[in-house]
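This report looks at strand pairing and nonpolar packing in one protein chain. Please keep the sequence and the coordinates at hand while reading.

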Amino acid sequence: MYYIVGLGNPGLQYENTRHNVGFMTIDYLANKYNIDVRKLKFKSLYGQGEISGHKVMLIKPQTYMNNSGEAVRELRNFYKFDIDKLIVIYDDIDIDFGTVRIRKKGSAGSHNGMKSIIYQIQDDKFPRIKVSIGKKPEKWDLANFVLSGFSKDEVSILEDEIRLAAKGIEIILKEDIDMAMNKCNSVKLVENNNE
């Protein structure tokens with residue numbers, strides 16, 4: 001079983017904000033593979049199904065972003081899964097808009113949700129998929145930016161990014177993470193990133 005965690009904030013007011021692309025990717029996978037993500041346990045909404053011939057659990061922590069690690073810790077304490085069976089999907093402001101980045105492991109960078117997970121499970125050696133949400137305009141406060149919505153032009157690019165992130169999950173499950181990095185990390189969905 002693979003445990004695929006998309007990060008975001010629960011509640012309607014956060015639904016289509018930049019910080020919620022992890023949730024959006026889980027919703028996309030749930031819809032594509034007909035997985036009902038409505039069970040409530042482990043401080044999360046979750047559902048089980050199959051992707052690329054593997055059993056998966058799709059998970060949306062309901063703790064708010066900065067405490068995402070509490071949900072992941074509860075899940076791991078209960079299921080006792082190996083760390084490489086955890087895949088976390090989250091937003092990234094440091095990569096070019098129109099790209100996703102798949103990594104085998106690493107630090108949290110400036111992402112509070114990832115900081116919480118690494119702190120709570122005391123490990124950073126799990127695969128993650130970072131979905132770009134664009135660069136923060138200079139005058140904007142970071143918190144306000146990540147909780148803002150996407151413009152009409154950005155939405156279609158974001159939808160392509162979510163499809164690419166989902167494809168990354170499928171390749172990790174069907175083949176391996178190296179192949180997923182190879183096929184997805186070099187894709188640019190926007191011609192010109194000089195905004």
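The text below takes up the paired strands and then turns to the nonpolar cores.

The structure is a predicted model, and the strand pairs described here are collected in the following table.

| Strand pair | Direction | Bridges |
|---|---|---|
| β2 (residues 39–41) and β3 (residues 44–51) | antiparallel | 3 bridges |
| β3 and β4 (residues 54–61) | antiparallel | 8 bridges |
| β1 (residues 2–6) and β4 | parallel | 4 bridges |

Two of these pairs form hairpins, and in each of them a residue takes a positive phi. In the hairpin of β2 and β3, where 2 residues lie between the strands, Phe 42 has a positive phi near 55°, while Leu 40 stands opposite Leu 45 in β3. The hairpin of β3 and β4 likewise has 2 residues between its strands, and there Ser 52 adopts a positive phi near 50°. Along this second hairpin, Ile 51 is set opposite His 54 in β4, and Gly 49 is set opposite Val 56, again in β4.

Strand β4 thus pairs with β3 in an antiparallel manner and with β1 in a parallel one, and in the latter pairing Val 5 stands opposite Ile 59 in β4. As for its surroundings, β4 is mostly covered, with 6 of its 8 residues buried.

How many residues does the largest nonpolar core have? This core has 38 residues, and those with the most contacts inside it are Ile 4, Val 56, Leu 58, Ile 87, Ile 129 and Ile 169. Helix α5, which spans residues 152–174, gives the most to this core, with 10 residues. When residues up to four places away in sequence are not counted, Ile 4 touches Ile 26, Val 56, Met 57, Leu 58, Ile 59, Ile 87, Ile 89 and Ile 169. Apart from this core lies another one, of 21 residues, which includes Val 5, Met 57, Val 88 and Ile 118.

Ile 4 and Val 5 are thus listed in separate cores, Ile 4 in the largest and Val 5 in the core of 21 residues. As a general point, the side chains of a regular strand alternate between the two faces of the sheet.

Definitions and conventions. Residues numbered from 1 in each chain as written. Predicted model: local features only at pLDDT ≥ 70, side-chain atom pairs only at ≥ 80, totals over all residues. Heavy atoms only, no water. Core = buried A, V, L, I, M, F, W, Y, C linked by side-chain atoms within 4.5 Å. Buried < 20%, exposed > 50% of the residue type's maximum accessible area, 1.4 Å probe, protein only. Contact = heavy atoms within 4.5 Å. Pairing = 2+ DSSP bridges.
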